[in-house]
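Have a look at the protein chain below, and keep the 3D view open while you read. We'll start with one residue in a loop and work outwards from there.

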Amino acid sequence: MVQILAFVCLLGSVLNDVPQNTIPSSEFQLDGDFLLGGLFNIHHVSSPLHLHRPEAIDCTSHSLILSSYQRFQLMRFAVEEINNSTSLLPNISLGYILFDQCSDGHSFPSILNLISVNGLIDPWGEPPKNLIGVIGSHTTPKTVSVAPLLMMDLIPMVSYAATSSEFSEKKTYPSFFRTLPSNKDVIEVIVKILKHFKWHWVSFLYNDNNYGSDGRELFIRKIQDTEICLAYTKGLDQRTDYPQIFRQINTLRVHVIIVFATEWVVEVLFKSAIQQNVTNKVWLATNAWSLNRKLPKTKGIRKVGTVFGVAASATTIPGFSDFVHSAKAVALCENAEQETFCNQIFNCSGLSAADVIDADPSYSFPVYAAVYSIAHALHKTLECKVGRCNDNITVYPHMVLAELKKSNFTLLNQTIHFDENGDPNYGLYFIVFWNHNGEAQEIGYYEFFPPFHFVINSHEIQWHTNGKVPASVCSQECPVGYKKEKAGIQNCCFNCEICQNGTFINVTEDPYTCVSCTDAEWSAEGSTSCSLRVVEFVPFTDTGAVVIMVAALVLVGLNLAVSVLFAINFNTPVVRSAGGPMCFLILISLTLSSLSVYFYFGQPTAASCTLRFLPFLLFYTVCLACFVVRSFQIVCIFKIAAKLPKLYSWWMKYHGQWLVITVAFAIQALLLLIGYSYDPPKPVNETFWYRDKIVLGCDINLKASSTSVIFLLSLCFLCFIFSYMGKDLPKNYNEAKSITFCLLLFILTWIAFATVYVLYNGTYIQTLNALGVLFSLFSFLLWYFLPKCLIIILQPQRNTQQYFQGLIQSYTKTISQ
């Protein structure tokens, strides 16, 4: 702050050395009870200034900006209109002192003269008498250079065009207001346009100063977490290599260019674009140049592509045209002569009234509103009533500032009021495009305040692509069912990868991830949603299930019939040789084993899964143990009895067969109890083999059940050995052969089932499993018991004691020889 004040004092002392000129100046000054300052860039310094000491700038030697001169005249008109009003400041006259602020950083004499008293500046003294506010500046850099000098004394500064968001910081700019929306709102509209036309790959060219850098930062923040990517960005100044910029843009295949710059920079940009033969681009203009009257009529402008623009309301100010014609007729700028300040010089003799009226109207209403906002604030400060104001009140700028914050009045059917940051709390932006007639045609609008309407009439746009909306993307959108894989750091550049089976893509939520379906769902390759899997199991009503259950009932019936037949003929040799009482245990075991069959059907439960295997494993073990004993007894009878009579005697004395059966049953029961306690069979939804189905089945822990299965197979193997040892028994006595054949059928049945189980895992694997159990049971019933039943019924002569004794004696004589 000390350096700023020292600089102010230094420049203030220079004012006395500034040459005074006798030139036409009545357009720049007007006496009144209260003064308004005005800062307009009627001329523009387009090249850098290299000054070795503080000195005044000859603005008239630089290029004229006709639209700024129009705004300059508009402020004069507004003050004159207020002075002629009987309702606003009725007995108070407003005066003004206006300046041509043609340079961003070298126009201090203007503002210093404005805040000086008798040519001197006292930073710690009272503000200049009667100065109640300043209208301007036009650009952000010009505003930044002079605003701190006004902020020190809280002099209201109402800008009509400085849109940088930094001015909304009230700690730095406490007395700053503006009548045009900030850059934040301009960027909001631009992003909405990009989203509307799905332009995702854009470049951003900007003034290399506070204004452009602010717009660039706002744009980058706004497009975060969107599908819009900034492919290229570059600041523009006097040293910019425009051909290099266009080469870079073409290399990146960018077709949409946002130009966040002032009109004089844009004129140079388009001149270079035409020279470099840049074609088929979409240019997005800010309100700074969208309504430019000169550029749309430039030769070759049609080749560059389609120009869109965001424009403030170009409101027609009633009476302004008459005022300009009247001012030109009087020719005040040529005839009036009085002592003036150096940058209040402008020779307007070469301009007609039509030239001024037809200039770019972008900021006409904001200038008009800025003047009226201070006038209304002064009206409130002076406690004006109908016909008169209180002229006994000493007015200071901070008093006007307080009322300015509370502004709420209607101007040309628009309610003017500001928010807490001094930004306008009203208005909208129009969306325009440059048609083939060289005019900015309105095609839509965006309201900044509720209900936030955004409207674009795309049918009125004359595209350079012959009616088709041009595209601007880094990568073409992925086909349906494909996810995006980033190719670099930009979201817009990507490769496409199809989503595999069991996954889907939801591009509205996350276009980069294939989401897995749940276990109850499925999807084909390239899906955008999951479908519910069909739940399958073998119901009790299934034809195969019915046949198997009926067959199981037949098995039970046959077991019962055989039991009755064997009970009637219990003392006959056939029944006694088949096992006698053991036959009934075998038949009961087969019957109890058949219970497993009924639990293979219906929806699996924990109980049904347990009962699928428990009865068969437990009672079939008893059945196999009986046959192990029977096989062993056959060998003993015909071989061991002849050679080892004592062993045979011991076996018969202690009922060895029943002991073996009991031990086998106990071991298997214990193994099943331990295994099922560790991890019992439970229902499982099989989803691996079929993507569109859920096959309901039972899950068996192989580790938990392996011991019981191994024990069962051990009995089968042992039984097979004993029965095979009796292969050379008499042909007419074929009990061992029957057991061997039954065991072969049992083994082949489960080998076949295991083969099918490996190749097929569908719903009917449960049916095949039940069928395997049933075959295992029928093998013993049909090939062991049925032949004996046929002998009892059809060949009773073979069922006599003499017949069997004869066979045994004949075999004994044969082996003894």
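## A threonine tucked away

Is Thr-163 buried or exposed? In this predicted model, Thr-163 has a relative accessible area of 2%, and residues under 20% count as buried, so Thr-163 is buried. You'll find Thr-163 in the loop that links strand 8 (157-159) and strand 9 (176-178).

Who are its neighbours? Leaving out residues up to four places away in sequence, Thr-163 touches Thr-140, Arg-178, Leu-180, Pro-181, Ser-182, Asn-183, Tyr-211 and Asp-214.

## The six-stranded sheet

Strands 8 and 9 belong to an open sheet of six strands, which has mixed pairing and runs in the order 2-6-3-7-8-9. At its edges are strand 2 (29-30) and strand 9, and each has a single partner strand, so one side of each has no neighbour in the sheet. Strand 8 and strand 9 are parallel and share three bridges; Val-158, for instance, has Phe-177 in strand 9 as its bridge partner.

Two helices to pick out here are helix 2 and helix 4. Helix 2 (residues 66-83) packs on the sheet and touches strand 2, strand 3 (34-40), strand 6 (94-100) and strand 7 (131-135), with its direction at about 170° to that of strand 6. Helix 4 (residues 140-151) also packs on the sheet, touching strand 3, strand 7, strand 8 and strand 9, and its direction makes about 155° with that of strand 8.

## A strand wrapped in protein

Now jump along to strand 18 (residues 428-434). Why can we call strand 18 largely enclosed by the rest of the structure? Because six of its seven residues are buried.

Strand 18 runs antiparallel to strand 14 (residues 305-312), joined by five bridges, and antiparallel to strand 19 (residues 440-447), joined by seven bridges. Val-432 in strand 18 is a handy landmark: Gly-309 stands opposite Val-432, and so does Glu-442 in strand 19. Strands 18 and 19 form a hairpin with five residues between them, where Gly-438 takes a positive phi near 80°.

## Two nonpolar cores

In soluble globular proteins, nonpolar side chains tend to be buried together. Here, the largest nonpolar core has 127 residues, and the members touching the most others are Leu-89, Phe-219, Trp-283 and Phe-308. Helix 12 (residues 364-381) gives the most to this core, with eleven residues. Another core lies apart from it, with 64 residues, including Leu-712, Ala-770, Val-773 and Phe-780.

Zoom in on Phe-219. Setting aside neighbours within four places in sequence, Phe-219 is in contact with Ile-187, Ile-190, Val-191, Leu-194, Val-202, Phe-204, Ile-228, Leu-230 and Ile-258.

## A small sheet and a kinked helix

Further along there's an open sheet of three strands, in the order 27-29-28 with mixed pairing. Strand 27 (534-536) and strand 28 (682-686) are the edge strands, each pairing on one side only. From one strand to the next, the twist averages 30°. Strand 28 runs antiparallel to strand 29 (residues 693-699), with five bridges joining them, and Val-684 stands opposite Gly-697.

Then there's helix 22 (residues 765-794), whose 30 residues reach 40 Å from first C-alpha to last, close to the expected 44 Å. Helix 22 has a kink of about 40° at Phe-785, shortly before the proline Pro-787.

## The whole chain

Zooming out, the chain has 23 helices and 29 strands. Of its 817 residues, 51% count as buried. Among contacts between residues at least 6 apart in sequence, 71% join residues at least 24 apart.

Terms used. Residues are numbered from 1 along each chain as its sequence is written. This is a predicted model: local features need pLDDT of at least 70, side-chain atom pairs count only at pLDDT 80 or more; totals for chains, interfaces and linings use all residues. Side-chain values use heavy atoms; hydrogens and water are left out. Helices (H or I, at least four residues) and strands (E, at least two) are DSSP runs, numbered from the N terminus. The expected span of a helix is 1.5 Å times one less than its number of residues. The bend at a residue is the angle between axes fitted to the seven residues ending there and the seven starting there. A nonpolar core is a set of buried Ala, Val, Leu, Ile, Met, Phe, Trp, Tyr and Cys residues joined through side-chain atoms within 4.5 Å. Buried means under 20% relative accessible area, exposed over 50%, partly exposed in between (1.4 Å probe, protein chains only). Contact means heavy atoms within 4.5 Å. Two strands pair if DSSP finds at least two bridges between them. Axes are lines fitted to C-alpha atoms, for helices over the stretch in contact, and angles run from 0 to 180 degrees between N-to-C directions.
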